[in-house]
Amino acid sequence: PGASLALVHLAHSLHDASGIWRALKQRGWTKPGQFAAVLARSFGRTTHVATVLAARLGLPGANPRRAAALQNKRGAARLLRWAGIPTPPNSRWTPLGRKIEYPLVAKPAAGHAKQGVRLIRNAEQWRDYKTRFGRPQIVQPFFAGPEISVVGLAAADQMVSCVFIDK
């Protein structure tokens, strides 16, 4: 939705900022003032590409390096804790010989959304997870309760908008 209203249409990977930039340059679409904004419809790499393109076009937006840093869940948790926001304790892969307490949450260290994130309730699910996804990079205790996502937009160190989503 919304793509049909866009004035610029490029047939290019949404995960390749350099390729999109080259395509824009070939069409002469990199001059200041030609764009008011660069938007992404999803999270993850597409959002990072939008931040890179906005920066190259001189538009306001998130810092591309900070956006890239948030792709690392362990690093993002460190940033949140540094800002005083509590996060679940993270541990790396549980070593052999250490008792595993269920339920737990296993997830890759890199990525976005819930890709590769699983609630593990018992040893059988733990074996299935390792078979399907390999070794998780982060293991966390499970906390029962509602899941809430918080999406915010900050500009010049000011919160512009914030959305809370009860999943």
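A residue counts as buried when its relative accessible area is under 20%, and as exposed when that value is over 50%. These cut-offs are applied here to a predicted model.

The chain has 167 residues, of which 25% count as buried. Its accessible surface comes to about 12,000 Å². Carbon and sulfur atoms hold 57% of that surface. The secondary structure consists of five helices and five strands. From the N terminus, the order of elements is α-α-α-α-β-β-α-β-β-β. Among contacts in the chain with a separation of 6 or more, 44% join residues 24 or more positions apart.

Nonpolar side chains tend to be buried together in soluble globular proteins. In this model, the largest nonpolar core has eleven residues. They are A17, I20, W21, L24, F35, V49, V52, L53, A54, L57 and L59. Helices α1 (17-26) and α2 each supply at least two residues of this core. A17 is one of the core residues. Leaving aside neighbours within four places in sequence, A17 is in contact with V49, V52, L53 and R56. Of these partners, V49, V52 and L53 are listed in the core. Another core, of six residues, lies apart from the largest one. Its members include I120, W126, Y129 and V139.

Two individual positions were examined next. Q140 is placed in strand β3, which spans residues 138-141. Is Q140 buried or exposed? Its relative accessibility is 10%, so Q140 counts as buried, the cut-off being under 20%. The side chain of Q140 makes a polar contact with the side chain of K107, at 3.0 Å. K107 is also among the residues that Q140 touches, when those up to four places away in sequence are not counted. The others in that list are P88, P89, N90, L104 and V105.

G58 lies in a loop. The loop runs between α2 (45-56) and α3 (64-69). The relative accessible area of G58 is 64%, and G58 is therefore exposed, the cut-off being over 50%. In sequence, G58 and A36 are 22 residues apart. In space, their C-alpha atoms are 9.8 Å apart.

The two positions thus fall on opposite sides of the accessibility scale, because Q140 has 10% and counts as buried, whereas G58 has 64% and is exposed.

Conventions: Residues are numbered from 1 along each chain as its sequence is written. This is a predicted model: local features need pLDDT of at least 70, side-chain atom pairs count only at pLDDT 80 or more; totals for chains, interfaces and linings use all residues. Side-chain values use heavy atoms; hydrogens and water are left out. Helices (H or I, at least four residues) and strands (E, at least two) are DSSP runs, numbered from the N terminus. Buried means under 20% relative accessible area, exposed over 50%, partly exposed in between (1.4 Å probe, protein chains only). A polar contact is a pair of N or O atoms within 3.5 Å; within protein, one must be able to donate a hydrogen and the other to accept it, and residues adjacent in sequence count only if both atoms are side-chain atoms. Contact means heavy atoms within 4.5 Å. A nonpolar core is a set of buried Ala, Val, Leu, Ile, Met, Phe, Trp, Tyr and Cys residues joined through side-chain atoms within 4.5 Å. Accessible areas come from the Shrake-Rupley method with a 1.4 Å probe; for residues, only the protein chains shown count as cover.
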